[in-house]
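Here's a structure to walk through together, one piece at a time. Take a look at the picture and keep it open while you read.

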Amino acid sequence: MSEGNKFQLGTIGALSFSVVSSVSIVICNKALISTPGFTFATTLTSWHLLVTFCSLHIALWMKWFEHKPFDPRAVMGFGILNGTSIGLLNLSLGFNSVGFYQMTKLAIIPCTVLLETLFFRKLFSRNVQISLVVLLMGVEIATVTDLQLNVLGSVLSLLAIVTTCVAQIMTNTIQKKFKVSSTQLLYQSCPYQAITLFITGPFVDGLLTKQNVFAFNYTPQVLAFIVLSCLISVSVNFSTFLVIGKTSPVTYQVLGHLKTCLVLAFGYVLLRDPFSWRNILGILIAIVGMILYSYCCSIESQQKASAEAAQISQAKEAESDPLLSAENGGGVLAEGGGGARAPEWNSNKDLHA
């Protein structure tokens, strides 16, 4: 199997792994919130990250991956930024209507595209842009029902969008810049994310729920759901870094909207949640947008791979062809001499090929 096919299979596996784990944890957390009434999302996320770090530490001890330290300031800044973005998203949900919060999540894709275009000179083809518009339009139809604006909620949403975009772009760029795997980056950044949310989580949750997380009645049922949620979160956190590292922040956001559509569909089918034809129409349009995006990205990846393969092939042909080694008539008589000059190998032939 070629390297390209292996990479494609790895990418498909990472995307599928991310979808299954994310949908699973949403269902688990819904049960945790609805049945026992545990609504402390930010604090729960800090526990998720703590369990993830402990799991990775055990994996490191068992030599399942190699520890690769790199710039500690980059790791610390990235970890704190990631934790901050999670807290801001939770605050945005708390101080805005559900519809406006969904609009906040939708705005992450165009903001990411803008930032990558401005600061990384990344170009998005017209076909990709059109597919993203179709996707966002479908998700908006399916999920956005009310838009109630307020100043504080709008500011929190803006901060959540910017920090989330930057954090996800950094997830991709750090892995490529420092040549670290998703596991290595997650292992080193997890403690900073967990500490950030562990310190701010009780305050944020208290502000949103008017309750004290430490005074909650932790029954065996609640503890069982929390443990299950933390175990699933290991897969969620790992797959998040894996997907962004293998693809891009925009692709990860597209995948996130697929998860939203799947959760809505499961809610309609399994939990008998109320739904309308507007929801169904929105989900169908979003799926069309996702298919278009996947197709466009696949075609562009194939074109890029073909172009790179052609360049490599031309370079190999140039190296193996001895006729390219003589420049400017290597066999022409030298000035002032009576003999023929022997052909000389040109070490800079690649520059003129």
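Let's begin with a term: a salt bridge is a side-chain nitrogen of Lys or Arg within 4 Å of a carboxyl oxygen of Asp or Glu. Before using it, a word on where things come from: this is a predicted model, in which local features need pLDDT of at least 70, side-chain atom pairs count only at pLDDT 80 or more, and totals for chains, interfaces and linings use all residues. Residues are numbered from 1 along each chain as its sequence is written, and side-chain values use heavy atoms, with hydrogens and water left out.

So how many salt bridges does a search of the whole structure find? It finds one. The pair is Lys-122 and Glu-116, with their closest N and O atoms 3.9 Å apart. To describe the two partners, we need words for how covered a residue is: buried means under 20% relative accessible area, exposed means over 50%, and partly exposed is in between (1.4 Å probe, protein chains only). Lys-122 is partly exposed, at a relative accessible area of 30%, while Glu-116 is buried, at 6%.

Now zoom out to the whole chain. There are 11 helices and zero strands; both are DSSP runs numbered from the N terminus, with helices being H or I of at least four residues and strands being E of at least two. Of the 353 residues, 42% count as buried. Contact here means heavy atoms within 4.5 Å. Among the contacts in the chain with a separation of 6 or more, 84% are between residues 24 or more positions apart.

What sits in the middle of those buried spots? In soluble globular proteins, nonpolar side chains tend to be buried together. A nonpolar core is a set of buried Ala, Val, Leu, Ile, Met, Phe, Trp, Tyr and Cys residues joined through side-chain atoms within 4.5 Å. The largest one has 20 residues, and those with the most contacts inside it are Ile-109, Leu-132, Leu-135, Val-250 and Val-254. The elements that give it two or more residues are α4 (98-120), α5 (126-143), α9 (249-269) and α10 (277-320), and α5 gives the most, with six residues. Apart from this core lies another, of 17 residues, including Ala-59, Leu-186, Tyr-187 and Phe-241.

Pick one residue from each core and look around. Leaving aside neighbours within four places in sequence, Val-250 is in contact with Ile-109, Thr-112, Val-113, Glu-116, Phe-124, Leu-132 and Tyr-293. Notice Glu-116 in that list: you met it as the salt-bridge partner of Lys-122. From the other core, take Tyr-187, which is in helix α7 and is buried, with a relative accessible area of 9%. With the sequence neighbours within four places set aside again, Tyr-187 is in contact with Phe-53, Leu-56, His-57, Leu-60, Phe-65 and His-67. Tyr-187 and Lys-68 are 119 residues apart in sequence, yet their C-alpha atoms are 9.8 Å apart in space.

Stay on α7 for a moment. Thr-183 is found in this helix and counts as buried, at 14% relative accessibility. Not counting residues up to four places away in sequence, Thr-183 touches Leu-56, Phe-65 and Phe-238. Thr-209 has its place in α7 too and is buried, at 18%. Not counting residues up to four places away, Thr-209 touches Thr-39 and Phe-40. From C-alpha to C-alpha, Thr-209 and Thr-39 are 7.2 Å apart, though 170 residues separate them in sequence.

The loops on either side of this helix are worth a look. Lys-179 is in the loop between α6 and α7 (182-209), and its phi is near 55°, a positive value in a residue other than glycine. Lys-179 is exposed, with a relative accessible area of 61%. Lys-210 sits in the loop between α7 and α8; its phi, near 60°, is again positive in a residue other than glycine. Lys-210 is exposed as well, at 69%.
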